[in-house]
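Got a structure on the screen and wondering how its labels are earned? Let's go through them one at a time.

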Amino acid sequence: MIEWCMKFLELMNKTGLVAAHRGARSIAPENTLSALTKSIGKCDFIEIDVGLSRDGAVIVMHDDTLQRTTNVAQIDSFRDKKPYRVCDFNIDELSKLDYGSWFDANSGRKEPLLTLKRALEFIKENNMFINVEIKDMSNCFEDKMVVGAVAKEIEDTGAQERVLLSSFRHEYLREAKKILFNVPTAALFEGNAQDNLLEYLKDLEVEAYHVDDASADEKKVKMLREAGYAVGVYTINSAKRAKELFAMGVNYIFSDSLDKKLKKYAL
Ligand code: G3P
Ligand code: MG
């Protein structure tokens, strides 16, 4: 069992890594199988976001609502479901939506719903690694239910060795450690508001710290790396900034653009 989790732990402790943020989202609709497929050979791992349907299925989706990345607003029978919260739709309803045509209206290319189960199968089939970011679903579900549903998919697909779990809702990471103790976790932050950061991360039992670009600085990165944490920074699309961050010791960046120039600066 320990061997399994060591696979992602080994990867995340290297430096100069590029993660495909929501898949290759600059060239395909984010968080779809097409976006995952387009990132093959162009990244060190993929990052996706997941949430739960009303009936508890784990789906790949960034927003709390469906309007931006699906055709939900065009379907008359869903009009009474405004503002189209993901957690107000069951899996059968979600399966009827198109997740592709918003991205390029002229292409007319449709994309099916991507479930976490299918994403994990894809990762195994293609010998890849994935960071599963659990979106804050606390308005709709108990923490235990959310983490339990995600954990079940990871266990059922046998993908433990290929997954890093992260969340802005740190309670999920505590829950995850109780049931998936061999799967590494990362605390997501936006801003520098956390006091006693090292003590806080130790208490959370995470292996990594993920932060936004504006809040990543050399002193903090050095402190975290010396304390044994992996550091990831989102969202970086500039080769110049990638170079600076890798020089600071940042392990990985999350990028929309899988340009070779970003990798070139890996030390
Ligand atoms: O996990 C890194 C990054 O994806 C966090 O921001 O809003 O793109 O999920 P967001
Ligand atoms: Mg994300």
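Q: Before we start, what kind of model is this?
A: It's a predicted model.

Q: What makes a residue count as being around ligand 1?
A: One of its heavy atoms has to lie within 4 Å of the ligand. The residues that pass are His-21, Arg-22, Glu-47, Asp-49, His-62, Glu-133, Lys-135, Leu-188 and Tyr-234.

Q: How do you know which classes make up the shell around ligand 1?
A: Asp, Glu, Lys and Arg count as charged. Sorting the shell that way gives five charged residues, along with two nonpolar and two polar ones. Tyr is on the nonpolar list, so Tyr-234 goes there.

Q: Why is the pair between His-21 and ligand 1 called a polar contact?
A: The cut-off for a pair of N or O atoms is 3.5 Å. A polar side-chain atom of His-21 lies 2.7 Å from an oxygen atom of ligand 1, so the pair is within the limit.

Q: What about Arg-22 and Lys-135?
A: Run the same check: a polar side-chain atom of Arg-22 lies 2.9 Å from an oxygen atom of the ligand, and for Lys-135 the value is 2.8 Å. Both are within 3.5 Å, so both are polar contacts. As for cover, the protein hides 90% of the 290 Å² of accessible area that ligand 1 has on its own.

Q: What makes us say that ligand 1 "sits in" a pocket?
A: More than half of its atoms must lie within 2 Å of the pocket's grid points. Ligand 1 sits in the largest pocket, so it meets that test.

Q: What is that pocket like?
A: The largest pocket has a volume of about 160 Å³. Its lining has 16 residues, with His-21, Glu-47, Glu-133, Phe-168 and Tyr-234 nearest the centre. Two elements, β2 (45–52) and β4 (130–134), each give two or more residues to this lining.

Q: Why are some other spaces called cavities rather than pockets?
A: In a cavity the 1.4 Å probe fits but cannot get out, whereas a pocket is open. The structure holds two cavities of 30 Å³ or more. The largest has a volume of about 60 Å³, and the second largest about 40 Å³, so both clear that size limit.

Q: How do you know that His-62 lines the second largest cavity?
A: A lining residue needs an atom within 4 Å of a grid point. His-62 is among the residues lining this cavity, so it meets that cut-off. His-62 is also one of the residues lining the largest cavity.

Terms used
Residues are numbered from 1 along each chain as its sequence is written. Chains are lettered from A and ligands numbered from 1 in the order in which they are written. This is a predicted model: local features need pLDDT of at least 70, side-chain atom pairs count only at pLDDT 80 or more; totals for chains, interfaces and linings use all residues. Side-chain values use heavy atoms; hydrogens and water are left out. A polar contact is a pair of N or O atoms within 3.5 Å; within protein, one must be able to donate a hydrogen and the other to accept it, and residues adjacent in sequence count only if both atoms are side-chain atoms. Accessible areas come from the Shrake-Rupley method with a 1.4 Å probe; for residues, only the protein chains shown count as cover. On a 1 Å grid over the protein atoms alone, a cavity is a set of points where a 1.4 Å probe fits but cannot get out, and a pocket is an open set with protein on both sides within 12 Å along at least five of seven lines; lining residues have an atom within 4 Å of a point. Grid points are joined across faces, edges and corners, and a volume is the space filled by probe spheres set on the points. Helices (H or I, at least four residues) and strands (E, at least two) are DSSP runs, numbered from the N terminus.
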